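Please walk through this structure one region at a time, keeping the sequence beside the 3D view.

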Amino acid sequence: MTSGDRVVVALDVGGTGMKCALVRPDGTTAHAERHATETARGPAAVVDTILDVAEGLAGKALVAGLTPTACGIVVPGVVDEARGVAVWSANVGFRDVPLRELARARLGLPAALGHDVRAGGLAEARLGAGRDGGHVLFVAIGTGIAAAHVVRGSAAAGAHGAAGEIGHILVRPDGPRCGCGRPGCLEAVASASAIGRRYAELAGVPVTAAEVADRAAAGEPLAGRVWREAVEALADGLATGQALYDVETIVVGGGLAQAGPQLFDPLRAALRARLTFHREPRLVAAALGDEAGCLGAALLALDDTGDGN
Ligand SMILES: [Zn+2]
């Protein structure tokens with residue numbers, strides 16, 4: 001049997017859905033499938049589904065003549081990667097679930113447990129838009145702003161699992177209150193949700209961030225102002241990130257990155273204007289879309305088995 005026949009089982013568990021795949025050692029996908037998480041059933045039922053899906057994937061690998069060698073699972077929230085425990089998650093309901101050991105026992109394979117955003121950053125840094133740079137800051141801008149700092153193919157978790165959380169850099173002390181409880185965090189000003197909220201507050205019309213971008217592009221002054229304010233705040237946050245991390249590449253993903261040049265052109269200029277002696281990083285759009293977390297789960301499993309590259 002050649003090494004091309006080897007695959008890892010990879011699962012990215014989110015609050016709504018699970019992205020699952022069989023991934024080869026070179027990072028290509030042999031098979032992919034998606035399942036609903038259905039968190040309303042409670043965390044025990046979600047854990048059962050995770051283990052059933054993982055076992056099902058390993059079975060499909062064998063039927064297809066592939067050899068499953070390991071399993072990687074990534075989840076949101078607070079993750080103790082060293083112990084393999086999903087410590088806490090608001091949207092899935094996990095409380096101290098020893099997911100790595102449960103997966104190892106069910107599949108009879110080595111297993112790795114990771115954090116969804118750090119895994120997504122890992123995948124973008126090694127297989128996606130950041131693959132030419134050894135130091136990468138991955139920033140996902142959607143409902144909130146989550147981030148991961150990846151150095152030479154490994155995502156730093158920090159002492160308490162919260163490294164790289166630039167969404168909670170204080171950028172506007174008098175600004176709107178963040179979900180974390182403090183006013184003025186970057187994600188309270190510049191996440192896609194925050195942009196929609198700000199426009200609604202000023203215009204009295206509820207719209208999405210994408211619609212604010214469209215209206216700004218069409219020349220509507222109010223939308224232009226809201227968009228500009230968000231870009232300025234993002235540049236403040238990224239400049240702080242660059243002062244701390246000195247990366248080669250900042251990869252921006254999540255829903256807001258779909259605005260394309262309308263986001264990246266002014267953001268690049270605003271970031272450049274804020275940097276003095278720090279080197280300007282490449283600012284690029286994420287390349288792997290919503291598969292980044294699942295590919296990152298596969299990389300964690302491959303790293304464990306020594307199969308990856
Ligand atoms: Zn915050």
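Which residue just after α6 takes a positive phi? That residue is G219, whose phi is about 95 degrees; the helices named here (H or I, at least four residues) and the strands (E, at least two) are DSSP runs, numbered from the N terminus. This is a predicted model, in which local features need pLDDT of at least 70 and side-chain atom pairs count only at pLDDT 80 or more, while totals for chains, interfaces and linings use all residues. Residues are numbered from 1 along each chain as its sequence is written, and side-chain values use heavy atoms, with hydrogens and water left out.

Staying with α6, its residues A209, V212, A213 and A216 are buried, where buried means under 20% relative accessible area, exposed over 50%, and partly exposed in between (1.4 Å probe, protein chains only). Because these residues cover an arc of only 100 degrees around the axis, they lie on the same side of α6, the arc being that of the directions from the helix axis to the C-beta atoms. The face turned away from this buried side carries the exposed residues A210 and D214, whereas the buried residues of α6 pack against α5, α7 and α8.

These helices also lead into the largest nonpolar core, which has 42 residues, and V139, I166, W227, L234, I250, L256 and L263 touch the most other members. A nonpolar core is a set of buried Ala, Val, Leu, Ile, Met, Phe, Trp, Tyr and Cys residues joined through side-chain atoms within 4.5 Å. Among the elements that each supply at least two residues of this core are β9 (135-141), β12 (249-253) and α8 (261-274), and α7 gives the most, with 11 residues. Leaving aside neighbours within four places in sequence, I250 is in contact (heavy atoms within 4.5 Å) with L137, V139, L238, L271, P281, R282, L283 and V284. Apart from this core lies another, of 31 residues, among them L11, C20, A86 and A103.

Turn finally to the zinc ion, whose protein donors (N, O and S atoms within 2.8 Å of the metal, or 3.2 Å for Na, K and Ca) are H168 (ND1), C178 (SG), C180 (SG) and C185 (SG), lying 2.0 to 2.4 Å from the ion. The angles among the four donor atoms are 104 to 119 degrees, and the site is tetrahedral, a label given to four donors if all angles lie between 85 and 135 degrees. Of these donor residues, H168 is partly exposed, with a relative accessible area of 29%, and C180 is likewise partly exposed, at 47%.

How values were computed
Four donors count as tetrahedral if all angles lie between 85 and 135 degrees; four count as square planar and six as octahedral if opposite donors are over 155 degrees apart and all others between 65 and 115; anything else is irregular.
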